[in-house]
Amino acid sequence: MDLIVKSRNGKISERQRQHIEQKLSRLDRYLDHIAQVTVEHMEEMRRNEGNVHRVQVTVVGDHGVLVRAERRAPELYAAIDEVYDTLQRQIERYKDKHWRRGKLRRQGGQIVEALPELTAPSLADTQDEDQRPRIVRTKEFQVKPMYSDEAVEQMELLGHNFFIFQDADTGKLNVLYRRQDGNYGLIVPEVSS
């Protein structure tokens, strides 16, 4: 298991790094063949809570399974413990869905995430070019073929409202999204000639 620890503001002490590694190395009890675990740490100042540690952990497992959890706590150790508990529950729920059926039916893929932090501009802001929404974050990813039911499961594991994947049958990129009524929508692009 490859462990990557990133801290946006501040440093992680060796003792904290050991705690993170010790705690998250236990995840292989629940998910076989974990390829990579990425831990992102950020210290934030919140009005009501004061100084808070935000920890986001992304686990890349076998068959392209991607599980992510984020938690905030006043202390880093507490945030890591809460993230571990959340990841454990997500992995168990994922495995229960697959092994209840007998076995994994298909190979999975990886997830696409695009999170531009957009805010709705007011009428006065539309006049000013500097106030227009812009792309503030870009992510690159490797796409592996998967079926729509696997894409739904991956989207649910991540807790996102949309998911981009390569359809295993057609080889086209598709966009899966959650509708307001709780159901899912699928966007399948057609190239016009």
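In what order do the four strands of the open sheet that includes β1 stand, and is their pairing mixed? In this predicted model, the order is β1-β2-β3-β4, and the pairing is indeed mixed. The edges are taken by β1 (2-7) and β4 (66-73), each of which pairs on one side only, while the twist from one strand to the next averages 15°.

A further open sheet of four strands has the order β5-β6-β7-β8, again with mixed pairing. Its edge strands are β5 (145-146) and β8 (184-187), and because each has a single partner strand, one side of each is left without a neighbour in the sheet. As general background, strands of a sheet pair through backbone hydrogen bonds, either parallel or antiparallel. The table sets out two antiparallel pairs, together with a pair of residues that stand opposite each other.

| Strand | Partner strand | Bridges | Opposite residues |
|---|---|---|---|
| β2 (residues 36-46) | β3 (residues 50-60) | 11 bridges, antiparallel | V39 and V57 |
| β6 (residues 162-167) | β7 (residues 173-178) | five bridges, antiparallel | I164 and V175 |

Helix α1 (residues 14-24) packs on the sheet that contains β1, where the helix touches β1, β2 and β3, and its direction makes about 140° with that of β1. Within α1, the residues Q16, H19, I20, K23 and L24 are buried; seen down the helix axis, the buried residues fall within an arc of 110°, and therefore they line one face of the helix. On the other side of α1, by contrast, E14, R15 and Q22 are exposed.

The largest nonpolar core of the model has 26 residues, and those with the most contacts inside this core are L24, L27, V39, V55, V57, V59 and L87. At least two residues of the core come from each of α1, β2, β3, β4 and α2 (76-100), with α2 giving the most, namely eight residues.

V39, which stands opposite V57 in β3, illustrates how these elements meet. Leaving aside its neighbours within four places in sequence, V39 is in contact with L3, I4, V5, K6, I20, L24, V55, Q56, V57 and I80. Among these contacts, I20 and L24 are also buried residues of α1, and L24, V55 and V57 are listed, like V39 itself, with the residues that have the most contacts inside the largest core. A second, separate core has seven residues, including A151, V152, F163 and F165.

Conventions: Residues are numbered from 1 along each chain as its sequence is written. This is a predicted model: local features need pLDDT of at least 70, side-chain atom pairs count only at pLDDT 80 or more; totals for chains, interfaces and linings use all residues. Side-chain values use heavy atoms; hydrogens and water are left out. Two strands pair if DSSP finds at least two bridges between them. Axes are lines fitted to C-alpha atoms, for helices over the stretch in contact, and angles run from 0 to 180 degrees between N-to-C directions. Contact means heavy atoms within 4.5 Å. Buried means under 20% relative accessible area, exposed over 50%, partly exposed in between (1.4 Å probe, protein chains only). The arc is that of the directions from the helix axis to the C-beta atoms. A nonpolar core is a set of buried Ala, Val, Leu, Ile, Met, Phe, Trp, Tyr and Cys residues joined through side-chain atoms within 4.5 Å.
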